[in-house]
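Visitor: Could you take me through one part of this model up close? I'm new to this, so please go slowly and show me how the pieces fit around it.

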Number of protein chains: 2
Amino acid sequence: MKAESKYQNKYDSCNLTYALNVVGGKWRLPILWALYKHDILRYNELKRAIEGITNMMLTQSLKELENHGIVHRKQYMEIPPRVEYSLTEDGKDLIPALIALAKWGKQIKEKNKRD
Amino acid sequence: MKAESKYQNKYDSCNLTYALNVVGGKWRLPILWALYKHDILRYNELKRAIEGITNMMLTQSLKELENHGIVHRKQYMEIPPRVEYSLTEDGKDLIPALIALAKWGKQIKEKNKRD
DNA sequence: CAGCATCCTACCGGATACTG
DNA sequence: CAGTATCCGGTAGGATGCTG
């Protein structure tokens, strides 16, 4: 895991930077959001839910989220393969913070529109 | 203003993505945090507070934050030039959300360490 | 079905030097 | 003091094709 190296400097006095590195990136939030709404999704369901994402990006993002303990991956040993993804408890803990942020985002987004 | 173009897709159902684009980037949070702690800072004070940042990055980040209405820029017309930066009300509104996120960041950061 | 390997490219962030 | 202008490299993100 080196995703956070770039942003890791002594100014992340708080752990904010760490959090942002975990949920940052182009597809992490859409993934998290989809899992939040649907609870459990299979790989291809996720891919369809997040239209526009490629296998590469989905796999990569999922793996990183999983490594951070935010997403849970359950693999069934059968043919054809079946893998289900869901939020872990830590992942769910994140949601309120995200909602707060989203609320603020909406607030300033609308102000910026009026300019 | 094009910073958010890249992340702007129809999956930012919530306004989260927007918020992250405003606050994302390498130096925005350190700047915001410094302004939060010190209330008002001049350009060079900011630069010193955020050791490692270059003029380019500082100027650029400040301008974007200002354009988003998060940072207030007050310029005194005198020689030598004096410019003071501070958080706007919208900027201050952001702080609680950031703190929530930071708290979560700390939580999972410590879990990840134990792995 | 679920995912990996490769290759490629745009752009973010940085170093350096200059200015009103 | 408070910035701009230019140039540049690394890396996040993407296109495409293959596999157990």
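Guide: Chain A has five helices and three strands. Going from the N terminus, its elements come in the order α-α-β-α-α-β-β-α. Keep in mind that this is a predicted model. Of the 115 residues in chain A, 46% are buried. Among the contacts in chain A with a separation of 6 or more, 46% are between residues 24 or more positions apart.

Now for the close look, and let's make it helix α2 of chain B, which covers residues 28-38. Start with its setting. α2(B) lies across β1, β2 and β3 of chain B, and it runs at about 90° to β3(B).

What are those strands doing? They make an open sheet with the order β1-β3-β2 in chain B, and the pairing is antiparallel. On the edges sit β1 (40-42) and β2 (71-76) of chain B, each of them pairing on one side only. From one strand to the next, the twist averages 25°. As background, strands of a sheet pair through backbone hydrogen bonds, either parallel or antiparallel. In chain B, β1 and β3 (residues 82-87) run antiparallel and are joined by three bridges. If you want to find one of them on screen, look for B:I40, whose bridge partner in β3(B) is B:S86.

Back to the helix. How many of the eleven residues of α2(B) are buried? Eight of them are, so α2(B) is largely enclosed by the rest of the structure. You can tick them off in a row: B:R28, B:L29, B:P30, B:I31, B:L32, B:W33, B:A34 and B:L35. Notice that the buried set includes B:R28, and hold on to that name, as we'll meet it again.

One of those buried residues, B:I31, deserves a second look. In the largest nonpolar core, which has 68 residues, B:I31 is among those with the most contacts inside it, together with A:I31, A:L46 and B:L46. So much for the helix's side of things; what does B:L46 touch? Leaving aside neighbours within four places in sequence, B:L46 is in contact with B:I31, B:A34 and B:L35, and those three are on the list of buried residues of α2(B). The other contacts of B:L46 are B:L41, B:L58, B:L62 and B:Y85.

Two of those names, B:L58 and B:L62, lead us to the next neighbour, since they turn up where α2(B) meets α4(B). Two packed helices are described by the angle between their axes and the distance between the axes. For α2(B) and helix α4 (residues 55-67) of chain B, the axes come within 10 Å and cross at roughly 75°. That makes α2(B) roughly perpendicular to α4(B). On the α2(B) side, the meeting residues are B:R28, B:I31 and B:L32. On the α4(B) side, they are B:L58, B:S61, B:L62, B:E64 and B:L65. Sorted by character, the residues of this contact are five nonpolar, one polar and two charged.

What happens at the far end of the helix? α2(B) is followed by B:D39, which has a positive phi, near 70°. That is a positive value in a residue other than glycine. B:D39 sits in the loop between α2 and β1 of chain B. Is B:D39 buried or exposed? With a relative accessible area of 52%, B:D39 is exposed, because the cut-off for that label is over 50%.

It's worth flipping over to chain A to look at the matching spots. Helix α2 (residues 28-38) and helix α4 (residues 55-67) of chain A pack at about 75°, with their axes 10 Å apart. So α2(A) is roughly perpendicular to α4(A). Here A:R28, A:I31 and A:L32 of α2(A) make the contact with A:L58, A:S61, A:L62, A:E64 and A:L65 of α4(A). These divide into five nonpolar, one polar and two charged residues. A:D39, in the loop between α2 and β1 (40-42) of chain A, has a phi near 70° and counts as exposed at 51% relative accessibility.

One last stop, back by the sheet. In chain B, the loop between β2 and β3 holds B:P80, and the peptide bond from B:I79 to B:P80 is cis, with omega near -5°.

Notes:
Residues are numbered from 1 along each chain as its sequence is written. Chains are lettered from A and ligands numbered from 1 in the order in which they are written. This is a predicted model: local features need pLDDT of at least 70, side-chain atom pairs count only at pLDDT 80 or more; totals for chains, interfaces and linings use all residues. Side-chain values use heavy atoms; hydrogens and water are left out. Two strands pair if DSSP finds at least two bridges between them. Helices (H or I, at least four residues) and strands (E, at least two) are DSSP runs, numbered from the N terminus. Axes are lines fitted to C-alpha atoms, for helices over the stretch in contact, and angles run from 0 to 180 degrees between N-to-C directions. Contact means heavy atoms within 4.5 Å. A nonpolar core is a set of buried Ala, Val, Leu, Ile, Met, Phe, Trp, Tyr and Cys residues joined through side-chain atoms within 4.5 Å. Buried means under 20% relative accessible area, exposed over 50%, partly exposed in between (1.4 Å probe, protein chains only). Angles under 35 degrees count as roughly parallel, over 145 as roughly antiparallel, 65 to 115 as roughly perpendicular and the rest as oblique. Ala, Val, Leu, Ile, Met, Phe, Trp, Tyr, Cys and Pro count as nonpolar, Asp, Glu, Lys and Arg as charged, and the others, Gly among them, as polar.
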